[in-house]
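Work through these exercises with the model open beside you. Try each task before you read its solution.

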Amino acid sequence: MFESLYTADEMRAVEGGHDVKKLMQRAGRGLAEFILDEYDDRKSITIVCGPGNNGGDGRVAASRLRQSQRDVRLVESKPEDEEKDLGRADLIVDALFGTGFTGEPRPGAARLIEQINETDVDVVAVDVPSGVDASTGEIAGVVVDAEWTVTFHREKVGLYVAPGTFHRGELEVVDIGLEDRQTTYARTTPEILDLVPLRSPRDTKYTAGSVLVVGGSPGLTGAACLAARAAFRADAGYVAVAAPRASLPVIEQQLLEAVKRPLEEVWDAATRARSLAIGPGLGRSDGAKELVRRLLEETELPAIVDADALFDLQPFARSAPTVLTPHSGELGRLLDVDASWIDAHRLEACRRAVERFGCVVLLKGEGTIVASPGEQTLIVPGFPSLATAGTGDVLTGIVGSFLAKGLDGRLAAAAAATAHAEAAAEAPQRAGLVASDVIEMLPYVLG
């Protein structure tokens, strides 16, 4: 359900009291065994070593590879001011920086990283690709582009958070004999979906999960329809849509199973709901913003706040579970920073949002982040096909369903993001996937 992700500090803590040389021997041997297994046809290998323990792992691996008749060239990063020759290798191992690296590589190391990237052979990174902050996924300068990353003990946070995750390639974890400990971050696995209570013989349509979607202004009805359909496919038993009266004929044509109510009847509709999904296609008028504020402050229903409901959202006071689901542009507006800053500092941005709003924040993107006050932050691996219009509305409907079923905000958000990605992966389409395709696959990943 949850796999621990380690920061640099947490790795130092778990290594404390252990013989560093023994750990290095285990790590280097494990690295070499991986190379011999995955790249058994590569005879000429260049290992680029930094001055720290990461370089030490590379040197141990070099010794083991030479014993297996591999032609190994060791390239030391020091001194930085001399030209480096990577040789004519058919595999390069990046053992330059390890988990302790932060900031921007120095000029000599930066040139070496550029040399590595300019080769036309596979690169295996040791622990993390050099240039990636293992604790945050942040990148301040040049970074190694790896085909594989061989990491030790457990996976590191920066391997799952963008932009670092874009450079890791595939992952291999090598056990070096350390004990586990509680971590600040964890990666979700599909087993989290076992927490979602599916309909039982004792359920009615209301107790199975009753969701009220609030949105669907003229020209934006598709967003509300996608959210409502997703809530149904995520096993909600009852879904209603409250939308402007002018939109109801269009929504009536698109949604068979959902109840439709004019927006002025939203308060009555809320009495039948167990959760609110506020925002898909709601619009950004002053009236819409006032409605969002009132729904959050005057109801005790669990709520997901997305899309237009996030526009100009101000901090609010409520005790019911509340989930905000911004993408980087929306979160940038909420925090008054550029979206590019959000993309470069995703964990920090999520932390700031949680402090500002005091509720669960789900930051969409590769390595979806689910953060909440005082709890372990969860990271949900994504799926590339989800980068298409409407999938955010689908996620809103899934979160709304899971909240209506009684999951707390953090688990509802993380489970919904997991179901979202798993449904996209199950869909037969890779190119050309659309949001509706994801909806149709939800019963298969939840059943």
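**Exercise 1. Place F2 in the fold, then decide how exposed F2 is and which surface patch F2 joins.**

Step 1. F2 sits in strand β1, residues 2–5. Helices (H or I, at least four residues) and strands (E, at least two) are DSSP runs, numbered from the N terminus.

Before going on, note the ground rules. The model is predicted, so local features need pLDDT of at least 70 and side-chain atom pairs count only at pLDDT 80 or more, while totals for chains, interfaces and linings use all residues. Residues are numbered from 1 along each chain as its sequence is written, and side-chain values use heavy atoms, leaving out hydrogens and water.

Step 2. The relative accessible area of F2 is 30%, so F2 is partly exposed. The classes are buried (under 20%), exposed (over 50%) and partly exposed in between, with a 1.4 Å probe and protein chains only.

Step 3. M1, F2 and L195 make a nonpolar surface patch of about 220 Å². Patch residues have over 30% relative accessible area and no salt bridge; like charges are joined within 9 Å, nonpolar side chains (Val, Leu, Ile, Met, Phe, Trp, Tyr) within 5 Å. Areas come from the Shrake-Rupley method with a 1.4 Å probe; for residues, only the protein chains shown count as cover.

**Exercise 2. Check the span of helix α14 and find what covers its buried residues.**

Step 1. Helix α14 covers residues 435–446, which is 12 residues. The expected span is 1.5 Å times one less than the number of residues.

Step 2. That gives 16 Å for α14, and the end C-alpha atoms are 17 Å apart, which agrees.

Step 3. The buried residues of α14 include V438, I439 and L442. Their cover includes α5 (221–233), α12 (391–404) and α13 (409–426). Contact here means heavy atoms within 4.5 Å.

Step 4. Now look at α12. Of its 14 residues, 13 are buried. Just after α12, G406 takes a positive phi of about 105 degrees.

**Exercise 3. Classify the ring pair of Y206 and Y238.**

Step 1. The structure holds four aromatic pairs. Rings of Phe, Tyr and Trp (its six-membered ring) pair if their centres lie within 6.5 Å; planes under 30 degrees apart are stacked, over 60 edge-to-face, the rest tilted.

Step 2. The centres of Y206 and Y238 are 4.8 Å apart and the planes are at 45 degrees, so this pair is tilted.

Step 3. Y206 lies in the loop between β8 (185–188) and β9 (210–214), and Y238 in strand β10 (residues 238–243), 32 residues apart.

Step 4. Y238 is buried because its relative accessible area is 12%. Y206 is partly exposed, at 28%.

**Exercise 4. Which residue does D127 meet in a salt bridge, and are the partners buried or exposed?**

Step 1. The whole structure has 30 salt bridges. Each is a side-chain nitrogen of Lys or Arg within 4 Å of a carboxyl oxygen of Asp or Glu.

Step 2. D127 pairs with K156; their closest N and O atoms are 3.1 Å apart.

Step 3. D127 is in the loop between β5 (123–126) and β6 (148–152), K156 in the loop between β6 and β7 (170–174), 29 residues apart.

Step 4. D127 has 8% relative accessible area, so D127 is buried. K156 is buried too, at 0%.
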